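Welcome, and thanks for taking a look at this one with us. Please have the sequence and the 3D view open side by side as you read.

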Amino acid sequence: MKAKRIVVKVGTSTLTYDSGRLNIRRIDHLCKVLSDLQNSGREVILVSSGAIGVGMGKLGLPQRPEETEKKQALAAIGQCELMFLYDKFFGEYDHTVAQVLLTADVVDFPRGRENVQNTFRELLSMGVIPVVNENDTVSVEELKFGDNDILSVHIARMLEADALFILTSVDGLYPPGGSRKTIIPRVEDVDAVLAFAEEDRGRFSMGGMSAKLQAIREAVNAGVGTYMMNGRHPERIGLLLEGGREGAGTFFAPARKG
């Protein structure tokens with residue numbers, strides 16, 4: 001697969017334990033893989049969830065609060081910790097990172113979108129790996145993208161990425177009613193699989209599978225080929241980019257133009 005510019009989205013479940021504490025080993029592995037991809041001549045943009053979950057773990061909270069202001073405060077605490085670790089681990093592999101926090105109104109506004117694009121272009125030209133998250137500390141409902149799956153689609157589309165990788169808690173998309181031993185390797189029509197995801201909520205509840213598929217539909221309709229794969233094995237991104245296939249996730253083919 002020829003892909004010069006890639007967007008990788010990683011979720012909270014990949015980055016943390018059930019306690020909310022950071023999974024240091026897994027973050028280190030992710031940074032190592034993405035650093036190697038950058039070394040190979042590719043441009044890597046990381047969209048990372050986890051700020052609120054990390055904030056909860058930092059304060060030892062047993063459950064996620066309902067109040068918006070508390071979640072915003074936890075995001076401020078967690079984002080600081082998250083970026084500290086990304087800076088540390090990427091730095092150990094001789095790469096520099098930059099934090100980019102966004103709200104939907106900035107991207108929706110033409111001048112704001114242009115400024116964001118200019119910033120990314122300069123960062124990538126400098127060989128820096130942007131680490132992107134929604135600005136949960138100031139976001140309210142009308143300023144939200146919805147979730148970071150949608151944010152990663154916006155980033156991939158806005159930056160004209162060659163591929164989007166959504167790292168989640170499962171190996172890929174499973175067939176309805178089937179065994180978890182086999183995933184669907186390729187999807188040409190996202191609408192078709194959306195239908196059976198809705199019908200089988202229990203099987204597709206991990207990480208909000210239906211919402212992920214709706215985000216992926218936006219990506220492929222914009223011409224961005226998208227992979228869904230297990231966040232525990234980010235090294236499979238490299239295998240896919242080198243032409244490998246078996247067990248490496250589900251590929252959602254971009255819509256044909258014209």
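What follows is a short tour of this predicted model, from its overall make-up to single residues.

## Overall make-up

The protein's secondary structure comes to ten helices and eight strands. Of its 258 residues, 52% are buried. The accessible surface comes to about 12300 Å², and carbon and sulfur atoms own 49% of that area.

Sequence-distant pairs feature strongly in the contact list: among contacts with a separation of 6 or more, 72% are between residues 24 or more positions apart.

## Two nonpolar cores

In soluble globular proteins, nonpolar side chains tend to be buried together. Here the largest nonpolar core has 41 residues, and Val132, Ile155, Leu213 and Phe252 are the ones with the most contacts inside it. Elements giving two or more residues to this core include strand 2 (43-48), strand 3 (97-102), helix 6 (110-125) and helix 9 (209-221). A second, separate core of 35 residues includes Val8, Leu22, Met83 and Val97.

If you would like a residue to click on, try Phe252. Beyond the residues up to four places away in sequence, Phe252 touches ones including Leu173, Val187, Leu213, Ile216 and Met228. Another good choice is Phe90 in helix 4, which counts as buried because its relative accessibility is 0%. Leaving aside neighbours within four places, the contacts of Phe90 include Cys31, Leu34, Leu46, Val97 and Ile129. The C-alpha atoms of Phe90 and Ile27 are separated by 9.8 Å, with their positions 63 residues apart along the chain.

## Helix 7, mostly covered

Ten of the eleven residues of helix 7 are buried, leaving this helix mostly covered. Among the buried ones are Asn148, Asp149, Ser152 and His154, along with Ile150, Leu151 and Ile155.

Both ends of helix 7 are worth a look. At the N-terminal end, Asp147 acts as a cap, with a side-chain oxygen 3.0 Å from the backbone nitrogen of Asp149. Just after the helix, Glu160 takes a positive phi of about 55°. Asp149 also appears in a network of salt bridges that links it with Lys9 and Lys212.

## Salt bridges

Side chains of opposite charge can pair when their charged atoms come close. The whole structure holds ten salt bridges. In one of them, the side chains of Arg5 and Glu43 meet at 2.7 Å, N to O. Arg5 lies in strand 1 (residues 5-10) and Glu43 in strand 2, so this pair ties together parts that are 38 residues apart in sequence. Arg5 is partly exposed at 22% relative accessible area, whereas Glu43 is buried at 17%. Glu43 also touches Lys4, Ile6, Gln38 and Leu124, among the residues beyond four places away in sequence.

Arg236 forms a salt bridge with Asp171, and their closest N and O atoms are 3.8 Å apart. Since Arg236 lies in helix 10 (residues 235-241) and Asp171 in the loop between strand 5 and strand 6 (186-187), the pair ties together parts that are 65 residues apart in sequence. Arg236 is buried at 19%, while Asp171 is partly exposed at 27%. The side chains of Arg186 and Glu188 form another salt bridge, at 2.5 Å, N to O, and Arg186 counts as partly exposed at 47%.

## A nonpolar patch outside

Finally, which residues make a nonpolar patch on the surface? Leu59, Leu61 and Ile77 do, over about 230 Å². Leu61 sits in the loop between helix 3 (51-59) and helix 4 (68-92), and its relative accessible area of 32% makes it partly exposed.

Conventions:
Residues are numbered from 1 along each chain as its sequence is written. This is a predicted model: local features need pLDDT of at least 70, side-chain atom pairs count only at pLDDT 80 or more; totals for chains, interfaces and linings use all residues. Side-chain values use heavy atoms; hydrogens and water are left out. Patches are made of residues with over 30% relative accessible area and no salt bridge: like charges are joined within 9 Å, nonpolar side chains (Val, Leu, Ile, Met, Phe, Trp, Tyr) within 5 Å. Accessible areas come from the Shrake-Rupley method with a 1.4 Å probe; for residues, only the protein chains shown count as cover. A salt bridge is a side-chain nitrogen of Lys or Arg within 4 Å of a carboxyl oxygen of Asp or Glu. Helices (H or I, at least four residues) and strands (E, at least two) are DSSP runs, numbered from the N terminus. Buried means under 20% relative accessible area, exposed over 50%, partly exposed in between (1.4 Å probe, protein chains only). A nonpolar core is a set of buried Ala, Val, Leu, Ile, Met, Phe, Trp, Tyr and Cys residues joined through side-chain atoms within 4.5 Å. Contact means heavy atoms within 4.5 Å. A polar contact is a pair of N or O atoms within 3.5 Å; within protein, one must be able to donate a hydrogen and the other to accept it, and residues adjacent in sequence count only if both atoms are side-chain atoms.
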